[in-house]
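Biologist: I should like to understand how the descriptions of a structure follow from its values. Could we examine one together?

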Amino acid sequence: MKDTYDVVIVGGAVIGSAVAYYLSANPDFDGSILVIEKDPTYAKASTSLSSSSIRTQFSNPINVRISQYGSEVIRNFADMMQVENDRPDLCFHPGGYLFLASTLEQVQILRENHEVQISCGADVVLFNRDELADAFPHLNVSDIELASYGRSGEGWFNNTGLMYGFRNKARSLGAEYITDEVIGIGREGNKVTSVVLKSGRSIGAGTIVNGSGPRAALTARMAGLDIPVEPRKRTLFVFDCADTPEGTANINSGRLPLMIDPSGVFCRPEGRFFLSGCPPVEDPTSDWDDFEPRYEEFEDIIWPALAERSPRFEAIKVVNQWAGHYDFNTLDHNLIVGRHPEVRNFIFANGFSGHGLQQGPATGRGVSELVIYGEYRSLDLTEVGYERVVANRPFLEKAVI
């Protein structure tokens, strides 16, 4: 390990490793890269504990295009990330997303979102009640006024596979990874200069990238900066179904999508089981180390909603559950990517609010372009930059799960 690096990335999960990959893979960059990750097992990383899905059904064009690029990367991942004979397979399941609307407000949102999605070339279709019943006969649609279904470019995949693919490829291209923890950041005026490690070392840095997930605010504060990101706990449940509806759809070869009920409860197939979750009734900031599942959410919220939505979900049994953390952006639930407007060599890649996996590829590419060229050259991420935080100007996204 050297004493100084051109780019130091704090956090080595999917965001940090995506940045490392896009930097190291670009022939216009010949600098040195150091990725600092405190837990090489990634056991509590948001990446590892996520529902690992991707969708193009957002309300903002930039979010649609970010996920379209993510879908492209997932399709081509084995080729992009091949290291010698290792071709990582993300086991992508093209199940799509299915948003259900039962109120006039929900219907209006789906229609407005659909216009945005279609303008970006997303393959999304609206179903009326009869069309929905025909496509997915297991559903009770008596209260549904409209549905939005992604026919391609949406589904779920291997979450840690995405992270390790970026990580392994970046390392093969020269990026260095170390197991340590950043406990301080040196700053001189409007420039960060170094990171201080728990092991006692100080490493010089030309640019620092904050890729520390739910701990983003802690990292920013070390540099005397603020970011409105905090950990919010989300519990996921895996359940068995006595009479599974998987295979009963009349579209997409019988595959069921990730369904978002009007109540906010969602579920999708997970092998022979199903994966489900819901927005919590109360959503306080979580302790950094609190990963205790909210067990009551299944019995109180999820099971009643699913049983009402389909008779096939009346007899279900939890077989596993876990809790992870969203790096929750309290300003507007959207990613914050870009340079600090004053401390220009400090770059944020934070606040994904549950969308980090699908937005990782575009974020990694965008941050690399800022470092190498001083500007975006592919997808312009200016709208989701830090400047809106300074101005207290939310960039709202209506399709947040």
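Modeller: Certainly. This is a predicted model. Let us begin with strand E13 (residues 258–260) and strand E14 (residues 266–270), which run antiparallel and are joined by two bridges.

Biologist: Why are E13 and E14 said to pair?

Modeller: Pairing requires at least two bridges between the strands. Two bridges join E13 to E14, so the requirement is met. In one of the bridges, Met-259 has Cys-267 of E14 as its partner.

Biologist: To which sheet do these strands belong?

Modeller: They belong to an open sheet of eight strands with mixed pairing, in the order E5-E6-E4-E13-E14-E15-E12-E16.

Biologist: What makes E5 and E16 edge strands?

Modeller: Strand E5 (124–127) and strand E16 (316–329) each pair on one side only. Helix H8 (residues 296–309) lies across several strands, including E13 and E14, and runs at about 55° to E12.

Biologist: How do you know that the chain is as compact as a globular protein of its length?

Modeller: The globule rule gives 21 Å for 401 residues, and the radius of gyration of the chain is 21 Å, so the chain is as compact as a globular protein of that length. In addition, 58% of the 401 residues count as buried.

Biologist: Why is the contact between Asp-79 and Arg-87 called a salt bridge?

Modeller: The closest N and O atoms of Asp-79 and Arg-87 are 2.7 Å apart. The cut-off is within 4 Å, so the pair qualifies as a salt bridge. In general, side chains of opposite charge can pair when their charged atoms come close.

Biologist: Are Asp-79 and Arg-87 exposed or partly exposed?

Modeller: Exposed means over 50% relative accessible area. Asp-79 has 53%, so Asp-79 is exposed. Arg-87 has 40%, and is therefore partly exposed.

Biologist: What makes the salt bridge of Arg-215 and Asp-289 a tie between separate parts of the chain?

Modeller: The side chains of Arg-215 and Asp-289 meet at 3.2 Å, N to O. Arg-215 lies in the loop between strand E11 (202–210) and helix H7 (216–222), while Asp-289 lies in the loop between E15 and H8, so the pair ties together parts that are 74 residues apart in sequence. Asp-289 is exposed, with a relative accessible area of 59%, whereas Arg-215, with 24%, is partly exposed.

Biologist: How many salt bridges does the structure hold?

Modeller: The structure holds 19 salt bridges. Salt bridges also link Glu-230, Arg-232, Arg-234 and Asp-283 in a network.

Technical notes:
Residues numbered from 1 in each chain as written. Predicted model: local features only at pLDDT ≥ 70, side-chain atom pairs only at ≥ 80, totals over all residues. Heavy atoms only, no water. Helix = DSSP H or I, 4+ residues; strand = E, 2+ residues; numbered from the N terminus. Contact = heavy atoms within 4.5 Å. Axes fitted to C-alpha atoms, helices over the stretch in contact; angles between N-to-C directions. Rg over C-alpha atoms; globule rule 2.2 N^0.38 Å. Buried < 20%, exposed > 50% of the residue type's maximum accessible area, 1.4 Å probe, protein only.
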